[in-house]
Amino acid sequence: MFVNFLLLCTIAGTAGVPSRGFSVLQGNDGNIRKFSIHGVDASQYPFPRSHTCFNRIDLPDYKSKEELHERLKIAVSTSATGFDME
């Protein structure tokens, strides 16, 4: 569960979901920016990339759910090096 919390903080730049849900999640400019997931090439980006301004995560096209889970755990636990924040 703690990994889920860290993932939300890393992607959305906030520690909580708005009381009205993800549909009203705001970007850093105050405009509503819905949470989104974009697929990227794993050969270019071995780890997930976070875009907090846009509430977006770029997920590489991993071969298995296990690999996805492991890479996400590594990325949120080493956020200074694992996540590339733009």
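What is the accessible surface of the chain, and what share of it belongs to carbon and sulfur atoms? In this predicted model, the accessible surface comes to about 5,500 Å², and 56% of that area belongs to carbon and sulfur atoms. The chain has 86 residues, of which 29% count as buried.

The secondary structure consists of 2 helices and 4 strands. Followed along the sequence, these elements are arranged in the pattern α-β-β-β-α-β. Contacts can also be considered by the separation of the residues they join. Among those between residues at least 6 apart in sequence, 40% join residues at least 24 apart.

Two residues, one in a strand and one in a loop, serve to lead the reader further into the structure. Aspartate 58 lies in strand S3, and its relative accessible area is 6%. Because this value is under the 20% limit for burial, aspartate 58 counts as buried. Leaving aside residues up to four places away in sequence, aspartate 58 touches His38, Val40, Pro48, Arg49 and His51. The side chain of aspartate 58 also makes a polar contact, at 3.0 Å, with the side chain of arginine 56.

Beyond strand S3, which spans 56-60, the chain enters a loop that leads to helix H2 (65-77), and tyrosine 62 is placed in this loop. Is tyrosine 62 buried or exposed? Its relative accessibility is 15%, and therefore tyrosine 62 counts as buried, since the limit for burial is 20%.

The surroundings of tyrosine 62 include residues from elsewhere in the sequence. When residues up to four places away are not counted, tyrosine 62 touches Pro46, Phe47, Pro48, Glu67, Leu68 and Arg71. Pro48 is thus found among the contacts of tyrosine 62 and also among those of aspartate 58. With proline 46 there is a polar approach as well: the backbone oxygen of proline 46 lies 2.8 Å from a polar atom of the tyrosine 62 side chain. Tyrosine 62 and aspartate 41 are 21 residues apart along the chain, and their C-alpha atoms are separated by 8.8 Å.

Two of the residues touched by tyrosine 62, Phe47 and Arg71, are also related to each other. Arginine 71 lies over the face of phenylalanine 47, at 5.0 Å from the ring centre. What of pairs between aromatic rings? Such a pair is described by the distance of the centres and the angle of the planes. A search of the whole structure for aromatic pairs finds 0.

Note on methods. Residues numbered from 1 in each chain as written. Predicted model: local features only at pLDDT ≥ 70, side-chain atom pairs only at ≥ 80, totals over all residues. Heavy atoms only, no water. Buried < 20%, exposed > 50% of the residue type's maximum accessible area, 1.4 Å probe, protein only. Contact = heavy atoms within 4.5 Å. Polar contact = N/O pair within 3.5 Å; in protein donor to acceptor, adjacent residues only side chain to side chain. Phe/Tyr/Trp six-rings, centres within 6.5 Å; stacked < 30°, edge-to-face > 60°. Lys NZ or Arg CZ within 6 Å of the ring centre and 35° of its normal. Areas by Shrake-Rupley, 256 points an atom, 1.4 Å probe, with all protein chains shown as cover.
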